[in-house]
Structures are given as C-alpha cells and as structure tokens.
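Me: Could you take a close look at one part of this model for me? I'd like a single strand and what surrounds it, then the charged pairs.

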Amino acid sequence: MKKILFINGPNLNMLGKRQVEIYGSYSLQDIEAQCLDLAKKIGLDIEFFQSNSEGEIVDKIQNMYLSNNYAGLIINAAAYTHTSIAIADALAMVGMPKIELHISNIYKRENFRRKSFVSAVVDASMCGFGAEGYVLALQAIKNMLKE
Ligand code: DQA
C-alpha cells in the first residue's frame, strides 16, 4: 500500500516542551500515535519524518517524488514555511495530493507568519486546530484520494 508522508520541520521535535501555550502539550510521538490509530481505521499507511534542516526536507521531498511508495503528503514546514523557496520548489514537483498544516493559526500571530511560500504549491492549507489538525488532515487526504 502506498503511504501518506508527514513532513515536520524545525523545532517540531520539541512539541510538548516548546511554547505549550501555543503548540499544546502533545509530543510529536503522541501525535504520530494518534495518526497511526486513525490510519489503521481508515486503511492508510503513514510515515512520519521530522528534520531541523532545510536540505534534509528538500531531499525527503525529492525522494518521495522519485519513489513509487507514496500517495500523498501532509507538511508542517514550521518556520521554513515563511522563508524557504527551496522547499516550495521541491513541493511544486510533487503531483499527488498535498496539504499544508500548522498547529497554530499563523494568521492570528506575528506578521511574518502570515506569509507562506508553501500555500501556493499545495492543494489545501489547514491551521489553528492544534495537534488535532494532524488527524483532521489525515482524514482530509483520505477524502481527497477517494475523489
Ligand atoms: C507552525 C507555525 C510556524 O510559524 C512556526 O514557525 C512553527 C510551527 C505551527 O505548526 O503552528 O514552528 O508551523
């Protein structure tokens, strides 16, 4: 079965410890476990990837594009959302369903978070649902695959 890839950018390995008033108390491992539960129920395979390095994220997207193992992508590029044309260019190559995801509502925060280079190269963007956004995005991509 082809997989849904979750890409998590810098500092998301610190979820549960970092700015819990904004990002909540779930760790990335907790979130992955919740997604695995849902994935089983709805018949999807998932893979979680996290990196603090822009180049590693670009490499991962390129590998995804070149391999035949994936059906869709959910990306929380974290701070690289607002800065990285390299990640946006890599995402633009990928033809399968792609969702941009943020835990916080990036439009309700500092001005610099309002610009997303990712938004223009994905099918849909979600933000502000907290950690639950991950399972919501997984359900959403399942629905996109059905269409
Ligand atoms: C984030 C929002 C970004 O602005 C921030 O740099 C992050 C996390 C979110 O999930 O809310 O690291 O992508």
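Reply: Let's start with strand β3, residues 70-76: seven of its seven residues are buried, so the strand counts as mostly covered in this predicted model. On one side there's strand β1 (residues 3-8), which runs parallel to β3 and is joined to it by six bridges. One pairing to click on is Asn8, whose bridge partner in β3 is Asn76. β3 also pairs with strand β4 (residues 98-102), again in the parallel sense, over three bridges. There, Ile75 has Glu100 of β4 as its bridge partner. To get from β3 to β4 the chain passes through helix α4 (residues 85-93), and this β-α-β crossover is right-handed.

Now for the charges: the structure holds four salt bridges. β1 comes back here, with Lys3 and Glu47 forming a salt bridge whose closest N and O atoms are 2.9 Å apart. That pair ties together distant parts of the chain, since Lys3 sits in β1 and Glu47 in strand β2 (residues 45-50), 44 residues apart. Glu47 is buried at 17% relative accessible area, while Lys3 is partly exposed at 24%. Add Lys60 and you have a network of salt bridges linking Lys3, Glu47 and Lys60.

Further along, Glu110 has a salt bridge to Arg109, at 3.8 Å from N to O. Glu110 also forms one with Arg113, where the closest N and O atoms are 2.7 Å apart. Glu110 is partly exposed, at 34% relative accessibility. Arg109 is buried because its 17% relative accessible area is under the 20% cut-off, and Arg113 is buried too, at 16%.

Conventions. Residues numbered from 1 in each chain as written. Predicted model: local features only at pLDDT ≥ 70, side-chain atom pairs only at ≥ 80, totals over all residues. Heavy atoms only, no water. Buried < 20%, exposed > 50% of the residue type's maximum accessible area, 1.4 Å probe, protein only. Helix = DSSP H or I, 4+ residues; strand = E, 2+ residues; numbered from the N terminus. Pairing = 2+ DSSP bridges. Right-handed = clockwise from strand over helix to strand, strands pointing away. Salt bridge = Lys/Arg side-chain N within 4 Å of Asp/Glu carboxyl O.
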